[in-house]
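User: I should like to learn how to read strands and helices in a model of this kind. Please take me through one example.

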Amino acid sequence: MCDHSKNIYLPQLATIAEIVDETADIRTFRLVFQDEAVRESFAFRAGQFAEYSAFGAGEATFCIASAPTRKGYIECCFRAVGRVTEALRSLEIGDTIGVRGPYGNSFPIEEFFGKNLVFVAGGIALPPLRTLIWQCLDWREKFGEITIVYGARTEGDLVYKRELKEWEERDDVRLVKTVDPGGNSPKWDGKVGFVPTILEEAAPVAENTIALVCGPPIMIKFTLPVLEKLGFGDDAIYTTLENRMKCGLGKCGRCNVGNVYVCKDGPVFTAARVKAMPQEF
């Protein structure tokens, strides 16, 4: 991990090495730290997040979307929805941004060794799981069956299209992709339906299986009962709740839910902990 002892608010400078437009309004940055020592020492765990700053505009919070097993760079994925993300979107390859982190807890991947994994994601919520998916694929022999159920409103809203194709072609991964009714073209070769419905149809076996869920609140709300119906216990279901975070340090209070600070206690929680949070969440 990076040493925050000097100044936890001081960002490291990173160069935008690559830009991928995932959709019309979602973009991926590949970032390389300018300080060689930071570049070589920076380490994080799947599920952690960082603060990304566009100088003069402020900071935005996103997960680290690349895998800890891929060294020399990190990646983030974001939608342009406000002042900071619009400023980030205006940047080009070769430009500099600031990065603070990593922060938060992580997926306890060592506890998943020897188990089957079911990833369930919707829309722009695939990046927080992508980091773990690639780590698990890089350590493929440590896990049983891997199933990915991913959906979006339309075909155009699916992110990481090249990687979806790669996962689809692998014989050691089961990918089930779907779009909402009306979101498919005549050439669409996936499912049509909402993610919870398609998950129930896919019917992954719950025995010795961990479910990892990330998506809009409404998707999570309807996915958890499906997993329960399939036999998953609350302690075998993990989700990540990064959408409420701002400062990353538990100072601003924006992510406070009851006695939980998502940025410090999370962002990764079991379904058991999510259900114990106030209903307002």
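**Reading a strand, a helix and a sheet**

Analyst: Let us begin with strand β11: six of its six residues are buried (under 20% relative accessible area with a 1.4 Å probe, protein chains only; exposed is over 50%, partly exposed in between), so β11 is largely enclosed by the rest of the structure. This is a predicted model, in which local features need pLDDT of at least 70, side-chain atom pairs count only at pLDDT 80 or more, and totals for chains, interfaces and linings use all residues. Residues are numbered from 1 along each chain as its sequence is written, and side-chain values use heavy atoms, leaving out hydrogens and water.

User: Which residues of β11 are buried on one side and which on the other?

Analyst: In a regular strand the side chains alternate between the two faces of the sheet. In β11, Thr209, Ala211 and Val213 are buried on one side, and Ile210, Leu212 and Cys214 on the other. Strands (E, at least two residues) and helices (H or I, at least four) are DSSP runs, numbered from the N terminus.

User: How many bridges join β7 to β11, and do these strands run parallel or antiparallel?

Analyst: Strands of a sheet pair through backbone hydrogen bonds, either parallel or antiparallel. Two strands pair if DSSP finds at least two bridges between them. Here β7 and β11 run parallel, joined by six bridges, with Val118 opposite Ala211. β11 also pairs with β12 in the parallel sense, over three bridges, and there Ala211 stands opposite Ile237. From β11 the chain crosses through α6 to β12, a right-handed β-α-β crossover (clockwise from the first strand over the helix to the second, with the strands pointing away from the viewer).

User: Which residues of α6 are buried, and what covers them?

Analyst: An α-helix has 3.6 residues a turn, so residues three or four places apart point the same way. In α6 the buried residues are Met219, Ile220, Thr223, Leu224, Val226 and Leu227. Their cover includes β7 (116–122), α5 (195–202), β11 (209–214), β12 (237–240) and α8 (271–276). Just after α6, Gly231 takes a positive phi of about 110°.

User: In what order do the strands of the open sheet stand?

Analyst: The six strands follow the order β4-β3-β6-β1-β2-β5, with antiparallel pairing. β4 (58–63) and β5 (74–79) are at the edges with a single partner strand each, so one side of each is left without a neighbour in the sheet. Within this sheet, β1 (residues 12–21) and β6 (residues 96–103) pair over four bridges, and Gln12 has Val99 in β6 as its bridge partner.

Conventions:
Contact = heavy atoms within 4.5 Å.
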